Amino acid sequence: MKQVIAFLNELYRNNDRTWFAAHKDEYLHDVKATVEHFAAGLIDGIASFDDAVRGLSVGDCTYRIYRDTRFSPDKRPYKQHIGIFICPGGKKSGHAGYYFHIEPRHSDPDTGAVSGGHFLFAGLHCPDSRILHSVREEILYNGALFEENIAKAEGFTIPRENMLKRIPAGFPSDTPYADYLRLRDVCLERPLSDDELTAPDLLERAVAAFASTGDFCRQLNRAVAYALEED
């Protein structure tokens, strides 16, 4: 993954079409090919403990590096990160799954603010309202299991930046799981260092880490399946 990190660092400093065109072969051979090979191994590894992802292709789980800038004030043409999202039905299915994120950290020269960072993610990011409602019902009625599954996830924590200020309408405020009901992203995260990302046993470590979140994702996907069946 060293060449992937190096390329993303250069892209951060040169996010324009002229630079990318001059380095497209490097992207295709040193970055895209490396990521796709890793993604194939990750799909197989996750399928060993979550049979619902078996049979997915690399294309089902990876993303184009090109940004859609039509409706964004940010006109940089290329993403400055690379992601792999492995979930039942593929990345657009709406199911909970396992996400691997590669993005070097950078400091803004003017403000000193730090952005980026590699991480592992398990769960749901910005689910639509019907799925989120079903997940909240699952948490309300099976909160003890939800907490057990969080505790099984080794090194993962629940990000709490994107939470409602109040309990959503229609849910009780006196439940011991009230804080979880305020989540809009129902997920777990675990940071990765550059050293971890470039370690020779990265794939084995990533699969083992994701395996500890398997029960968490399966519980969420039970709620997702219920919401989708209601359509």
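Start by selecting T175: leaving out residues up to four places away in sequence, T175 touches L140 and L181. The model on screen is predicted. T175 sits in the loop between helix 6 (143–152) and helix 7 (178–181). Colour by accessibility and T175 counts as buried, because its relative accessibility is 12%, and the cut-off for buried is under 20%.

**Stop 2: helix 6 against helix 10**

Stay with helix 6 and add helix 10 (residues 214–229). The two pack at an angle of about 145°, and their axes are 8 Å apart. Which residues meet here? From helix 6, show L145, F146, N149, I150 and K152. From helix 10, show D215, F216, Q219, L220 and R222. Sorted by class, this contact has 5 nonpolar, 2 polar and 3 charged residues.

Now pick K152 alone, in helix 6. Is K152 buried or partly exposed? K152 is partly exposed, because its relative accessible area is 40%. Set aside neighbours within four places in sequence, and K152 is in contact with S212 and D215. Draw a distance from K152 to A211 as well. The C-alpha atoms are separated by 9.5 Å, with the two positions 59 residues apart along the chain.

**Stop 3: helix 1 against helix 3**

Go to the other helix pair. Select helix 1 (residues 2–13) and helix 3 (residues 24–47). Their packing angle is about 125°, with the axes 9 Å apart. That angle makes helix 1 oblique to helix 3. The crossing of helix 1 past helix 3 is left-handed. Show side chains for Q3, V4 and F7 on helix 1. On helix 3, show E26, Y27, D30, V31, T34 and V35. By class, the contact between helix 1 and helix 3 has 5 nonpolar, 2 polar and 2 charged residues.

**Stop 4: I43**

Move along helix 3 to I43. I43 counts as buried, because its relative accessibility is 4%. What does I43 contact, apart from neighbours within four places in sequence? Select V53, L56, S57, V58, C61 and I86. For one of them, V53, draw the C-alpha to C-alpha distance: 7.2 Å from I43, at 10 residues apart in sequence.

**Stop 5: the aromatic cluster**

Show the aromatic rings. The structure holds 15 aromatic pairs. Select F7, W19, F20, Y27, Y66 and Y78: ring pairs link these residues into a cluster. F7 and Y27 also belong to the contact between helix 1 and helix 3.

Zoom in on F20 and Y66. Their ring centres are 5.9 Å apart and their planes stand at 70°, so the pair is edge-to-face. Where do the two partners lie? F20 is in helix 2 (residues 17–22), while Y66 is in the loop between helix 4 (58–61) and strand 1 (82–86). The pair links distant parts of the chain, 46 residues apart. F20 counts as buried, because its relative accessibility is 2%. Y66 is partly exposed, with a relative accessible area of 29%.

Y66 has a second ring partner to show, Y78. This pair is tilted, at 5.7 Å centre to centre and 55° between the planes. Y66 and Y78 both lie in the loop between helix 4 and strand 1, so the pair ties together parts that are 12 residues apart in sequence. Y78 counts as buried, because its relative accessibility is 6%.

**Stop 6: G117**

Select G117, in the loop between strand 4 (114–115) and strand 5 (118–124). Is G117 buried or exposed? G117 is buried, because its relative accessible area is 10%. Not counting residues up to four places away in sequence, G117 touches H101, E103, P104 and R105. Then draw a line from G117 back to A40. The C-alpha atoms are 23 Å apart, and the two residues are 77 apart in sequence.

**Stop 7: C126**

Finish at C126, in the loop between strand 5 and helix 5 (129–141). Check the backbone torsion here. Phi of C126 is near 50°, a positive value in a residue other than glycine.

Technical notes
Residues are numbered from 1 along each chain as its sequence is written. This is a predicted model: local features need pLDDT of at least 70, side-chain atom pairs count only at pLDDT 80 or more; totals for chains, interfaces and linings use all residues. Side-chain values use heavy atoms; hydrogens and water are left out. Axes are lines fitted to C-alpha atoms, for helices over the stretch in contact, and angles run from 0 to 180 degrees between N-to-C directions. Helices (H or I, at least four residues) and strands (E, at least two) are DSSP runs, numbered from the N terminus. Angles under 35 degrees count as roughly parallel, over 145 as roughly antiparallel, 65 to 115 as roughly perpendicular and the rest as oblique. A crossing is left-handed if the near helix is turned anticlockwise from the far one by less than a right angle, and right-handed if clockwise. Contact means heavy atoms within 4.5 Å. Ala, Val, Leu, Ile, Met, Phe, Trp, Tyr, Cys and Pro count as nonpolar, Asp, Glu, Lys and Arg as charged, and the others, Gly among them, as polar. Buried means under 20% relative accessible area, exposed over 50%, partly exposed in between (1.4 Å probe, protein chains only). Rings of Phe, Tyr and Trp (its six-membered ring) pair if their centres lie within 6.5 Å; planes under 30 degrees apart count as stacked, over 60 as edge-to-face and the rest as tilted.
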